[in-house]
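Please find below a short note for your consideration. The points are arranged so that each may be checked against the structure.

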Amino acid sequence: MSENNSVKHKFNDKVRLEDDLYSYVNGKWIESAVIPDDLPCTGGFIDLSDGVEKLMIDEFDNLSKQNKIDDELLSRAVKLYKKVLDDEDRKKGLSALLDKISLLDDIKDNAYFRSHLYYLYDNNYVLPFSFGTSIDSKDATKYCLTISSPSLILPDTTMYGTDGGNALLGIYKSMIKTILDKVGIKDSDDLIAKTISFDERLSKIVKSNEEWADYIKSYNPYDISKACSLLDWNLKDFIYARFGRLPEQIIVADPRFLDNYKELMEGHYEEFSAWSKVLTLYSNIGYISEEFRELSSVYSNALSGAKAITNINKYAYRLTNRFYSEVIGIYYGKKYFGEEAKKDVISIVHNLIESYKHRLSNNTWLSKETIKKAILKLDTMIIKIGYPDKVEDSYKHLVFSEDKSLYEIIEELLKIRSQYSDSLLFKEVDHSQWVMSGNTVNACYNPSFNDITFPAAILQAPFYSLKQSVEENYGGIGCVIGHEISHAFDNNGAQMDEKGNINNWWTKEDYDHFQEKTELMIKEFDGLDLNGNKVNGKLTVSENIADNGGVTSSLESLHRVKPDADLKLFFINYARIWCVKQRPEYEKLLLTVDVHGPAYYRANMQVRNFDEFYEAFNIKEGDKMFLPKEQRVIIW
Ligand SMILES: [Zn+2]
């Protein structure tokens, strides 16, 4: 594993650690760091991710020169990569894209829409609802059908009608006008006005990000007839045509949206058709050429503050990764991830689980009954480290026609993927599948599988290195592992059992107690100031509970493996893993859409909850990092 050189150990002497741990550890780096033009931020996770991308782009450039690649799937990935790099060839896709969206001009009423709905769905048009198969949250061995609301143009419902939101919509409209004019579509003003009007009406009935963060509330089983009665098209016929038979129920993720669906659509089909035309064009136009990719990046750059588009090689790699991630992840893992590191990380994971169990056994606010169920959840947790042994079945189907343009190939791949995903409806769920590929710099807990995944790419410094001290590894990857385990017991995970099903395994008293603690965590973060904007305590509560449990369990594990551990090193590396420099636009956007709190507070607010932090640095009343004992929150 290579060392991450950008976040070197130079402390910022302009602040005292006792007043601001995060700035003391990261301030010097932040002062001099330059955010690359094509990125909204830099540091920590992003640097590692960038490093993996650069490495893999070199690999792809070399593979592109080979006459024959033995691995059939990798060979397809490299072919797709090469397709993206050929700008002249990409341009051939424009007429196919224009043909596709011209069909929408004929949709003027419900009758036409109904008769073409299957075609629209099968061919990846933007529809006024989202629909598909997913794992059933009440029986994670099965798949279910889900219907939900479509995405909005602005990142959150709360931005509509605000000055900031209106400014962004202005940028969006002018970008779309440029694109429509350039591809020669007439009546661009009318199309845009209808698009904005439809989107605005949608924004009044769909869930906000804060509402989505409570994901248990997305599970609302309706019998098919009931769901059907809320739609102005025949859901039953549609399901028959697609799946051959009816399941007993459909899961409604956004019930308010469905309640208002008929009203949204009635008398508004021309508006819908304009909206779908604009959105379908916008989501595909970047495939047509680099010029169009640049024109269509204006809005996303306004959201993130990025100044330029990514270079073409990075774009080609990312697009390839979108379809062949597991193939790339296995290639990366086999070549760059060592067995020694894997063994070491597995022992850290077991150590963390052991600590969790130990803490649960000594828990003073839960009944024996609930503790037993919580420990069962830990005992059955599946651990996935590095990369999977083999690619999942779905990849075998991803064959495309090499003589077609990039846009047509993407259409083909999307169609294959959605048909494959729908074909799973009446099949058993394979719990050995991975939700993150080996080349991803991230980690996750999947509540439906009760599993934790640590891809090879995150197992690098400052998170983890065989060259780092034990304390630093526990302050880094130890806390990340503990964080992921804690998701099994955050406000959402706590409502799911060891089999990955929504199931209340708590006594009422215990759950009430847990909710009181959850409220304390919401209060601790809610309203914290970040450069004039506020943290949303409810939106970020699940991640804050996970961070809290992560530090708790990692500290306890460290005490066990190294009783004389230097906790200074632990907390300093914990602050270092959150090191990031963000553009102001991006920082503000994340406060509205991201369930993770800002890095600054994930470091600075969280450590204040731990007595060990006060002891390690001798923090006293009067220091800005000081929090009175009675206000410190420890959940697990
Ligand atoms: Zn998390």
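1. What is the strand order of the open sheet of three strands? In this predicted model, the order is β6-β8-β7, and the pairing is mixed. The edge positions are taken by β6 (382–386) and β7, each of which pairs on one side only. On average, neighbouring strands of this sheet are turned by 20° against each other, direction ignored.

2. The pairing of β6 with β8 (residues 451–455) is parallel and comprises five bridges. Within it, K384 stands opposite T453 in β8.

3. Helix α18 lies across β6 and β8. The angle at which α18 runs to β6 is about 150°.

4. Helix α19 (residues 368–379) consists of twelve residues. From its first C-alpha to its last, α19 reaches 16 Å, close to the 16 Å expected at 1.5 Å a residue.

5. Which residues of α19 are buried? They are T370, I371, A374, I375, K377 and L378. Seen down the axis of α19, these buried residues fall within an arc of 150°, so they line one face of the helix. The face turned away from the buried side carries the exposed residues K368, E369 and K372. Lysine thus occurs in both lists, with K377 buried and K368 and K372 exposed.

6. The cover over the buried residues of α19 includes helices α18 (339–361), α21 (470–486) and α22 (508–525), together with strand β7 (444–446). Two of these elements also appear in the points on the sheet: β7 is one of its edge strands, and α18 lies across β6 and β8.

Conventions. Residues numbered from 1 in each chain as written. Predicted model: local features only at pLDDT ≥ 70, side-chain atom pairs only at ≥ 80, totals over all residues. Heavy atoms only, no water. Helix = DSSP H or I, 4+ residues; strand = E, 2+ residues; numbered from the N terminus. Expected span 1.5 Å × (residues − 1). Buried < 20%, exposed > 50% of the residue type's maximum accessible area, 1.4 Å probe, protein only. Arc of directions from axis to C-beta. Contact = heavy atoms within 4.5 Å. Pairing = 2+ DSSP bridges. Axes fitted to C-alpha atoms, helices over the stretch in contact; angles between N-to-C directions.
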